[in-house]
Amino acid sequence: MIPPLSDQLARARSGREFLDVLQFLKQRSGRSAAHIATIAKIPRSTAYNFVSNGNTALPINRDHVERFVRACKVPKKDVEEVMRTWERLTTEDRPVPGPSPHSLPSAVFAPPAAPGPLSRSRTDRPPRVVNPSMIEFEPESPSDVGAAVRQQLRQILVSAGLSDHDLLEPLVAELRQRGCRPRKAWRLANELTQEKVAAAYNWLSGKPTAPMRSSRISEYESWPGPRGRGRGQPRPTLEVLKNLAVIYSTRWDNLVDAADLLAMPPADLDAYRDARAGTTTRPSGRGIARVSSSFVGRYEQQQWLRDRIEAHLDHGGPAVHVVNGLPGVGKTMLARWLVDTFAERYPDGVLWKKLHGHTDGQPPLAPAIALEQMLIEMGRAPELISRGDCAQQWRCVMRDRRMLIVLDDVLDSQQVLELLPHAPGCFVLITSRHDLTGLTGVTPLPLDSMPMAEAEELLVTLGQLPPDYDRDAAQKVLRASGGLPLAIRLMAGQLAYRGPDMLRSAAAEFTSLTERMQQGRAGEINDRSAERTLDAFAAEKDSVRAAFDMSYQRLSDPMLQRTMRLLGWFPGTEITPQILAAVADVPVEMAHAQARHLHEAGLLDFMSEQGPRYRIHDLVRMFARAQAAGEDPPSVRSAVLHRLVGHSLQIAELLIPPERFVMAGILTRPRRPFAPGAVAAAQTWLTREQAMLVELVREAASEQRTGELARLLAAALSGLRQWDDARGLFIRALEIARFDGDRDAERDALFGLATNYHLAFAYEPAANCYAQAYEIAQDLGSSRRAMVARWGFAEASRHIGEYRAAYKAYCDVHESARTLSDLRLVEESLRGMGSVNLLEGREPQARSCFCKALDSAEKSDDPHGRGWSLLYIAACDRELGMLDTALSRMEQAVRLAEQVGDRRLHVGALRQFGQIFHQREDPVLARRYYSESLAMARRNGDVHGEADALHMMGILEANRGARKYARELLGESLTRYQAMGAKPAAGQVIERLGVLGPDEVAADTPVH
């Protein structure tokens, strides 16, 4: 039976017994030592030593012990008891059998060695206090430095929290204390045999004709002692000492003691003095400006890097990270922030190497040269650096280092591949404009434009704007910058010197330039607006244009440069390879490759694997436009847009327009053969490319194909209730038709525009457009289109209260429809005439018209027409007091609405149910049906149905005395009726509000 924890702690009298308690806690927790180390945020080696059966020394780090115990899921009171036991054992002074005090580890008592240029001492840890009596050693002679002794010494140093690299110098000091000369002490501390050192030396020196032997290593370790027969040992030269220093991960002057100095020649003594006098601090990224005080934004990316640093420090997370993005997106500034924030967490320092992948006037730094420079910075003598083995020497030097390394402005994977140290203790951050897909095992951090809030904070901070700055002007400047940090910084520099008044003038200038660029049509003379906009983001020799130009010039393929220029005329911000193929007039396969190359060059942002899809930054597009204006003829722009219109038209012909447009005959459903799923793909294409297509139609030349594309897109967008974009496209189609003198196209554009207004419940402009379309159709002899336009005019006129004009138009349509045998319009005209009769109080005449419409719908087997006819007949029956009959007909209408999926019919039927129960004086059921009608109308975007439901609910609440609630409901319905131009309904609401209270009568002051 396992004794309880309190009993185990009470019996603990030695370090081994205390470690048994820790092992018991670990087993009880069910967690591994590695898992506990991760949770406790202590080194793994420390956790393993706590539960190792071969370890007998009491842990000396109180914080590590307490963290370990807490990570074992121990209750708070038990944690306190464990720590009291640890304190008791630490303060006890018990005799330990074994060696004399002189043979104990000198590192426990002796002061630490003086730090060198790459000192590995952990200055961020408090000093350890160790009671020598708590350390158990096996008996040994004072000169014993065997493997067992070294293992014991290592365990003590690991228990103190030192890593394998950190403990080298203290372990060497221990071995020196035990009589080892420095070169032997460093070899044993690295656990190397003389044979291994000789092999490493031969590989490092690259001199196969004069190989190093293990016996010579032994002689170097004994020099300047005698070799026998009075001969002296061979002297280790400076070259030998420096090579050994690389192998032992130290400096060559650490391999020399006082006996060596007495025998060294004067030249070597001078070098030794220079080495000691020239000892500098650890590499610290010289020349890297501190940015913490001025670094603004990128809060999500800051946290991402914090998490990666902590993961790397705590449990060896990924060591190599790549920050990539457009020129000027802030990659280097983010790297500087990282160095400024975390440099002190890496005891061996910071190494910053700029590789000049995109430096104006300077070629990219060759990997071999970069390696040589970094080796020298790490203390490697230039004469010992072999160009052929630089990468291996670099990794050998960095093997046990704990450093923060930044490789800035990398051109491609090949430039940086050999520069990676492959050292688990080093955190490497790479910045590049490109995706370094040639590197494996790295963690990418793509940088995009700054969010508007962060961009504004950056502009205000760097521009030193006062608290009352013109925020609207600032937003305009930031929109022009596209959220690019380089552009914001350059503009902020000008603001800091010229004051906040410049903000307003800059905003006005950008607005003017943007309007000039948007007003241009294909084929028109291009101005210098793009170039002027780019030039605004410049300061002295630094500019956004120069940053982009370097990436552009590095595109080695002239075809790729051409494609980049053509993107300046692309009317969108997102592009797929299929669309790029049309822009550049190349095969789709080549467009895929070009898009990938432009992305890798940092000129396009990758957005989605599904597609794929790329984003073009506004300033990149502006740069491409400026390049195109300078290098290409003016006709190139019109050619790009012409190809885009043709490409888009082929897909738009597959779009299914709403029924209203098909009924008029101005559009048809797709007729040409198409692949399965092509129609659905076209709908998806329209949704994703909507912004680009609207801009394309606006910029493209005023020609017949552009007008046709505009009408197809506008009709499809009307079906998606994208009223504003659809209306703009119809207006553009109308403009093109009038420009070309194409009356047929003008008629169809007017009808489309009228239908758009009608479906969006803007009845008055709908009536006007229908009237114009009708007149043109009459002039052209288009009987059917004239009839449909006349019917649309009647519908819109009825809603705005023009009952006489509406009734006459319905009669005209009815006559024409019978002549043309158009049963659909016969039904619609009959229902229209019945609706006018019902509104004017002529219920019997109205009921007669609706019954004729029902007969016609049944003959033509039209469930849609039957449903609407039943709805109106039920309304007449309700007005005539035949509530049971009305209820029966409404039930049939609801079933038909569900059958054909007519949501507006369903909304109207639910409202009619409410009115029937309202008349039956059943307010509970009436309110239920009104609420269901209101909810469905809102889901469907049926503003008229919503207003009608609110109107009926307001009347219901007024009848039951809830005057305040009734005013709110009626006020909401009045707002909607007035927006639609539904004057009769609005008048009824105003009259009802007048009954409720005089304050609610004003029609121009809607409630809510």
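**Exercise 1. State which residues of helix α38 meet which residues of helix α39 in this predicted model, and describe how the two helices pack**.

*Solution.* Step 1: list the residues on each side. From α38 come Y763, A766, A767, Y770, A771, A773, Y774, A777 and Q778; their partners in α39 are R785, A786, A789, R790, G792, F793, A796, S797 and H799.

Step 2: sort these residues by class. The contact of α38 with α39 holds twelve nonpolar, four polar and two charged residues.

Step 3: find the geometry. Two packed helices are described by the angle between their axes and the distance between the axes. Helix α38 covers residues 763-780 and helix α39 residues 783-799; their axes come within 8 Å and cross at roughly 155°. Because this angle is over 145 degrees, α38 is roughly antiparallel to α39. The crossing of α38 past α39 is left-handed.

**Exercise 2. Determine the angle at which helices α45 and α46 pack, and name the residues that form their contact**.

*Solution.* Step 1: take the geometry. Helix α45 (residues 903-919) packs against helix α46 (residues 923-940) at an angle of about 160°, and the axes are 7 Å apart. The two helices are therefore roughly antiparallel to each other, and α45 passes α46 in a left-handed crossing.

Step 2: identify the residues. On the α45 side are R903, H906, V907, L910, R911, F913, G914, Q915, F917 and H918, which meet L925, A926, Y929, Y930, E932, S933, M936, A937 and N940 of α46.

Step 3: classify them. Ten nonpolar, six polar and three charged residues make up the contact of α45 with α46.

**Exercise 3. Decide how helix α28 is oriented with respect to helix α29**.

*Solution.* Step 1: read the angle. The axes of α28 (residues 577-584) and α29 (residues 588-600) come within 8 Å and cross at roughly 105°.

Step 2: apply the cut-off. Angles of 65 to 115 degrees count as roughly perpendicular, so α28 is roughly perpendicular to α29.

Step 3: name the residues. P577, Q578, L580, A581 and A584 of α28 make the contact with V588, A591, H592, Q594 and A595 of α29. By class, seven of these residues are nonpolar, three are polar and none is charged.

**Exercise 4. Explain why helix α13 is described as largely enclosed by the rest of the structure**.

*Solution.* Step 1: count the buried residues. Helix α13 spans residues 238-248, and ten of its eleven residues are buried, so the helix is largely enclosed by the rest of the structure.

Step 2: name them. The buried residues in α13 are L238, V240, L241, K242, N243, L244, A245, V246, I247 and Y248.

Step 3: look just past the helix. There S249 takes a positive phi of about 60°.

**Exercise 5. Establish whether L969 is buried or exposed, and describe its surroundings**.

*Solution.* Step 1: locate the residue. L969 is found in helix α48 (residues 963-980).

Step 2: apply the cut-off. Buried means under 20% relative accessible area; L969, at 5% relative accessibility, therefore counts as buried.

Step 3: find its partners. Apart from neighbours within four places in sequence, L969 is in contact with L950, M953, G954 and E957. The C-alpha atoms of L969 and I955, which lie 14 residues apart along the chain, are separated by 8.7 Å.

**Exercise 6. Summarise the protein as a whole: how many helices and strands does it have, and what share of its residues is buried?**

*Solution.* Step 1: the secondary structure comprises 49 helices and twelve strands.

Step 2: of the 1008 residues, 54% count as buried.

Step 3: the protein exposes about 44,700 Å², of which carbon and sulfur atoms supply 51%.

Terms used. Residues are numbered from 1 along each chain as its sequence is written. This is a predicted model: local features need pLDDT of at least 70, side-chain atom pairs count only at pLDDT 80 or more; totals for chains, interfaces and linings use all residues. Side-chain values use heavy atoms; hydrogens and water are left out. Helices (H or I, at least four residues) and strands (E, at least two) are DSSP runs, numbered from the N terminus. Buried means under 20% relative accessible area, exposed over 50%, partly exposed in between (1.4 Å probe, protein chains only). Accessible areas come from the Shrake-Rupley method with a 1.4 Å probe; for residues, only the protein chains shown count as cover. Axes are lines fitted to C-alpha atoms, for helices over the stretch in contact, and angles run from 0 to 180 degrees between N-to-C directions. Angles under 35 degrees count as roughly parallel, over 145 as roughly antiparallel, 65 to 115 as roughly perpendicular and the rest as oblique. A crossing is left-handed if the near helix is turned anticlockwise from the far one by less than a right angle, and right-handed if clockwise. Contact means heavy atoms within 4.5 Å. Ala, Val, Leu, Ile, Met, Phe, Trp, Tyr, Cys and Pro count as nonpolar, Asp, Glu, Lys and Arg as charged, and the others, Gly among them, as polar.
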